[in-house]
Amino acid sequence: MYKYDDYDQKLVDERVIQFRDQTQRYLDGKLEEAEYLPLRLQNGIYIQRLAPMLRVAIPYGMLNAEQLRKLAHVARTYDKGYAHFTTRQNVQFNWPTLESCPDILEELAKVEMHAIQTSGNCIRNTTTDQFAGIALDEISDPRPWCEIVRQWSTFHPEFAFLPRKFKIAISGSEEDRAAIKVHDVGLQLVKTDDGSIAFNVFVGGGLGRTPMIGDLVRENLPAKHLLTYLEAILRVYNQFGRRDNKYKARIKILVKALGVEEFARRVESEWNHVADGPSTINDNVIAKAASFFIDPDYESAPSEGEFERQREQNKAFSRFVTNNTQAHQKEGYIAVTLSLKKTGVAPGDVSDSQMDLIADLADKYSFGELRVSHHQNLILSDVKKSALFELWQILEDNSLATPNVGKLTDMICCPGGDFCALANAKSIPVAEAIQRRFDDLDHLYDLGDIDFNFSGCMNACGHHHIGNIGLLGVDRKGEEFYQISLGGRSGSTAGIGKILGPAVKQDRVPDVIESIMSVYVENRIEGESFVEAYHRLGQATFKERVYA
Amino acid sequence: MPKIILNQDIVEDTWLKVELEAELPTSGKVLLPYTTWLAGEFDSSSYEAVGVWIPNDTVFDSSADKLNQVSVVAIDFPVFSDGRAYTLARQLRERFDYQGELRAIGDVLQDQLFFMTRCGFNSFAVREDKSIEEALTALKPFSNAYQAALDKPQPLFAERWS
Ligand code: HEM
Ligand code: SF4
């Protein structure tokens with residue numbers, strides 16, 4: 001994992017001083033509301049329905065035990081004892097006071113954390129695959145590149161006031177687990193014919209009001225040019241992106257308006273001026289960045305111990321292994337996903353004592369490191385198979401072993417109307433009603449892998465467009481309704497789901513989901529997932545049943 | 001007389017900005033709109049000095065090379081949250097090699113001065129209702145930076161990693 005040196009630490013410390021001063025000037029009335037707004041946003045502070053919300057960056061989802069303990073401490077001391085992990089691999093606190101935010105940031109800086117650019121019209125936290133560095137299908141580890149991009153984007157002087165927010169995601173594996181095609185820039189690491197590393201650069205993806213899949217703007221960009229090329233993209237966007245209408249200000253609108261060829265031409269022409277400049281990344285720099293992400297001290301092919309026998313003999317453990325673990329590059333090891341989707345708990349929420357416990361487990365079982373996934377779960381990425389049973393028992397006792405990863409009840413879900421000022425409808429109680437309806441595990445497993453994504457309004461924080469099932473809160477004359485779309489996908493075959501029909505009332509949602517599932521179960525062919533069946537059968541079959 | 005920050009000092013501002021479409025003054029030191037200046041629609045002999053100001057929706061072409069003939073170029077921030085002027089400043093300094101005074105005008109506030117400096121501005125007409133003295137103290141909130149920019153030709157990685 002990346003480790004700060006004095007330079008990094010100093011920048012973060014200076015940021016705390018700067019922000020404390022800005023907040024003081026605001027509280028003293030020297031900074032107007034409108035002037036303070038972007039400053040606090042660029043420190044992750046939104047003013048929400050009930051209180052300010054502080055979003056803390058977890059760069060590309062990598063977290064260590066000490067940091068998690070600090071988050072637990074912040075939750076306990078400044079908040080109501082819990083935190084919320086987001087779809088952008090970050091973490092949010094829902095109840096701090098504005099006055100306490102500088103103190104929180106000072107505490108976070110002590111463990112190499114910050115809230116820089118977690119919000120606002122700037123380059124946001126770069127995200128990646130939660131299984132980076134351990135996935136079997138990895139082409140090259142994306143994390144060194146994420147770190148290089150993190151540094152480059154942090155306080156970038158030219159791009160602090162873009163037309164709108166800007167999100168970059170990097171995938172280093174064959175299967176895209178970082179949803180790169182729904183980001184402003186999506187970077188796919190590839191190996192060229194001569195074995196060198198390059199990027200396929202997708203631009204103009206995004207969700208929100210106008211969901212779009214990114215276009216391939218540059219194929220096989222030699223890796224050393226990454227930063228200068230990004231600079232050229234951002235420059236074209238900064239100069240030509242719309243600023244008259246915030247709903248048309250994302251880069252996707254510019255790419256569509258210009259056409260991808262013209263957009264690419266402008267980027268190339270801008271790039272000609274900066275290519276091979278000082279920001280070109282030489283091999284030493286690449287090697288140094290990579291050196292932070294070397295393998296931990298794995299034992300060489302440790303014995304699996306009783307693993308297979310335990311799996312055979314304990315059904316609950318076996319379910320957990322099937323659903324919540326992922327194969328590892330290293331023999332004898334396995335990656336373990338802690339589901340933050342227990343029925344009755346808001347998706348992504350975790351308490352201070354759970355965080356302390358998870359930190360201890362990370363120390364004991366996984367080299368002191370963790371990952372946050374964009375599915376709002378936590379991952380212990382390097383667990384010895386021989387220790388899994390013991391770990392599982394502890395997780396089970398602490399409500400962290402819900403064996404539903406990748407299944408219908410492992411929903412991505414935004415905070416919705418309970419917390420968010422922009423919401424049209426609540427999301428948390430509806431998510432819970434659905435989880436209750438599908439609480440029978442055998443039924444849940446029979447339905448197979450399903451991405452269920454839920455947003456409380458069209459801002460699409462819950463990625464509903466790319467859920468196999470997407471649920472969207474809408475307002476019908478002051479009443480909360482829910483619109484269902486089917487067939488969306490993330491990953492390499494990313495696509496936007498199609499709206500099934502008129503929105504339905506809150507109490508009907510679980511019934512509707514159940515009808516959709518029964519159409520699937522009745523019509524599926526051997527081995528076919530829900531989303532595959534949907535695309536084969538077509539929308540009409542589902543629509544007839546739901547609106548019969 | 002209004003004041004500006006120039007090269008880290010507070011000095012009196014002797015230039016008069018001529019608004020777009022406004023009538024030209026007959027004497028003094030004037031900052032003309034870029035298009036007026038490019039078109040040459042003025043009598044330079046009547047002025048003590050001529051500079052140029054640039055609206056932030058300008059797209060430079062090769063005629064920007066000529067800006068090196070003037071000693072002051074100002075770029076407008078109609079609102080501080082509109083970041084186009086940062087790109088224009090860098091283009092002017094890096095691509096057109098502009099060497100003179102580069103001034104930020106308009107909604108210029110202390111919390112953005114660091115970014116402006118890094119993009120090549122060396123002169124700041126801080127908004128009149130704000131304290132220019134306080135702004136001066138906030139010029140450099142960070143002692144270093146990751147990126148290469150005008151104040152620092154190499155990125156931090158070149159310094160520590162190569
Ligand atoms: C609670 C207060 C929140 C507010 C006020 C808020 C606001 C917004 C807004 C306005 C957008 C749309 C921006 C646009 O498309 O241009 C957006 C998008 C998004 N938000 Fe939030 N959000 C909140 C919480 C969250 C949370 C908790 C998550 C993670 C679970 C999240 C993740 C996202 C993501 C991933 C998008 C991206 C959509 C895209 O790519 O266009 N947000 N948010
Ligand atoms: S999708 Fe809407 S309701 Fe949900 S968090 Fe985002 S802005 Fe709020």
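A polar contact here is a pair of N or O atoms within 3.5 Å. Keep that in mind for these exercises on a predicted model.

**Exercise 1.** Find which residues make polar contacts with oxygen atoms of ligand 1.

*Solution.* Start with the side chains: a polar side-chain atom of A:Arg164 lies 3.1 Å from an oxygen atom of ligand 1. Now turn to the backbone. A polar backbone atom of A:Leu207 is 3.2 Å from an oxygen atom of the ligand, and one of A:Gly208 is 3.5 Å from an oxygen atom of ligand 1.

**Exercise 2.** Identify the protein donor to the iron atom of ligand 1, and place it in the chain.

*Solution.* The iron has a single donor from the protein, the SG atom of A:Cys461, 2.2 Å away. Next, locate this residue: A:Cys461 sits in the loop between strand 17 and strand 18 of chain A. Finally, look at the surroundings. The shell of ligand 1 holds 7 nonpolar, 9 polar and 6 charged residues; among the 22 residues around the ligand, A:Cys461 is one of those that come nearest, as are A:Lys165, A:Lys167, A:Arg250 and A:His463.

**Exercise 3.** Decide whether A:Asn453 is buried or exposed, and list some of its contacts.

*Solution.* A:Asn453 belongs to strand 17 of chain A. Its relative accessible area is 3%, and buried means under 20%, so A:Asn453 is buried. Its contacts include A:Ile412, A:Gly462, A:His463 and A:Leu471.

**Exercise 4.** Work out how the buried residues of helix 14 of chain A are arranged.

*Solution.* First list them: A:Ile428, A:Val430, A:Ala431, A:Ile434 and A:Gln435. They span an arc of only 165 degrees around the axis, so they lie on the same side of helix 14 of chain A. Their cover includes strand 17 and helix 16 of chain A.

Notes
Residues are numbered from 1 along each chain as its sequence is written. Chains are lettered from A and ligands numbered from 1 in the order in which they are written. This is a predicted model: local features need pLDDT of at least 70, side-chain atom pairs count only at pLDDT 80 or more; totals for chains, interfaces and linings use all residues. Side-chain values use heavy atoms; hydrogens and water are left out. Buried means under 20% relative accessible area, exposed over 50%, partly exposed in between (1.4 Å probe, protein chains only). Helices (H or I, at least four residues) and strands (E, at least two) are DSSP runs, numbered from the N terminus. The arc is that of the directions from the helix axis to the C-beta atoms. Contact means heavy atoms within 4.5 Å. Donors are N, O and S atoms within 2.8 Å of the metal (3.2 Å for Na, K and Ca); water is not among the atoms, so sites may look incomplete. A residue is near a molecule or strand if one of its heavy atoms lies within 4 Å of it. A polar contact is a pair of N or O atoms within 3.5 Å; within protein, one must be able to donate a hydrogen and the other to accept it, and residues adjacent in sequence count only if both atoms are side-chain atoms. Ala, Val, Leu, Ile, Met, Phe, Trp, Tyr, Cys and Pro count as nonpolar, Asp, Glu, Lys and Arg as charged, and the others, Gly among them, as polar. Lists of a residue's contacts leave out its neighbours within four places in sequence.
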